[in-house]
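Me: Pick one helix packing and take me through it closely, please. I'd like the cut-offs spelled out along the way.

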Amino acid sequence: MNRTPVRFLLTLTLALPSSALGDEYEVYVGGTDCGVDLVYRDGGFVCGYPGGILWGLDYIHLEGCCNDILFLPLPHADTEVINAAHARLEEFGEIFIAMGEMELEPVEDPGAVVWVVEAEDDVPPESILVMTQYLRAKAAFVRESWLNFVADRSLALTGWGALFVEIEDGSLGNAVYQPYGYSAHTMLRDWGVIADDEEYADHPEANGIACWMTTYGISPIVEGSFTLGYAVKFD
């Protein structure tokens, strides 16, 4: 597979002091246009949610209190999401804001959502962020291919669909469609991404097209192995 490098620069301007009672967290927050919010603990990956989702839930993946929290607003960050995240994080420790510079283009597509299903502990946040935006920017292509295949709309539901996309040693690998009722569908419902009046697409042949189009073409060079959930609204 041909791959092109994506340049990514992150400059931290503030170092965290050592915390005697809690952990050291790094929290990357951007909201919907930046694709995903990430939480790291002591340099290791903890979780990654669709941008803005984590801060509206009744729980958060930080343990205990008295933590040192490095707060990293992403480029083009959503002000409302940033403020909500900051307010929630104050419950878990002392916040240190770090201004960073990174080449991360926003993707204005509310019908393209990404989250982290699983990741190795040492996957750098840059890799997840870059691949997240790559997939979200590709959603229009995936969407058009899926809809063009389903000529007879009586054969399939329209609405949202979700895939699990594997990245192995930095390379974009397989994509597996997640049928109706599977965990991806359930999580998207719980998060409110799929509204009560919206359907979930489940057409076996068209789903194969969506998987193929997701992994087709030139992908960025990243580091590590991880799996992303990737949801697209097809209509």
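Reply: A crossing is right-handed if the near helix is turned clockwise from the far one by less than a right angle, and left-handed if anticlockwise. H3 passes H5 in just that right-handed way. Bear in mind that this is a predicted model, with local features needing pLDDT of at least 70 and side-chain atom pairs pLDDT 80 or more, while totals for chains, interfaces and linings use all residues. Numbering starts from 1 along each chain as its sequence is written, and side-chain values use heavy atoms, without hydrogens or water.

H3 covers residues 139-149 and H5 residues 204-215 (helices are DSSP runs of H or I, at least four residues, numbered from the N terminus). Their axes come within 9 Å and cross at roughly 155° (lines fitted to C-alpha atoms over the stretch in contact, angles from 0 to 180 degrees between N-to-C directions). That makes H3 roughly antiparallel to H5, meaning over 145 degrees.

From H3, Phe141, Val142, Ser145, Trp146 and Phe149 make the contact (heavy atoms within 4.5 Å). H5 brings Glu205, Ala206, Asn207, Ile209, Ala210, Met213 and Thr214. By class, the H3–H5 contact has eight nonpolar residues, three polar and one charged (Ala, Val, Leu, Ile, Met, Phe, Trp, Tyr, Cys and Pro are nonpolar, Asp, Glu, Lys and Arg charged, the others polar, Gly among them).

Notes. Helices (H or I, at least four residues) and strands (E, at least two) are DSSP runs, numbered from the N terminus. Angles under 35 degrees count as roughly parallel, over 145 as roughly antiparallel, 65 to 115 as roughly perpendicular and the rest as oblique.
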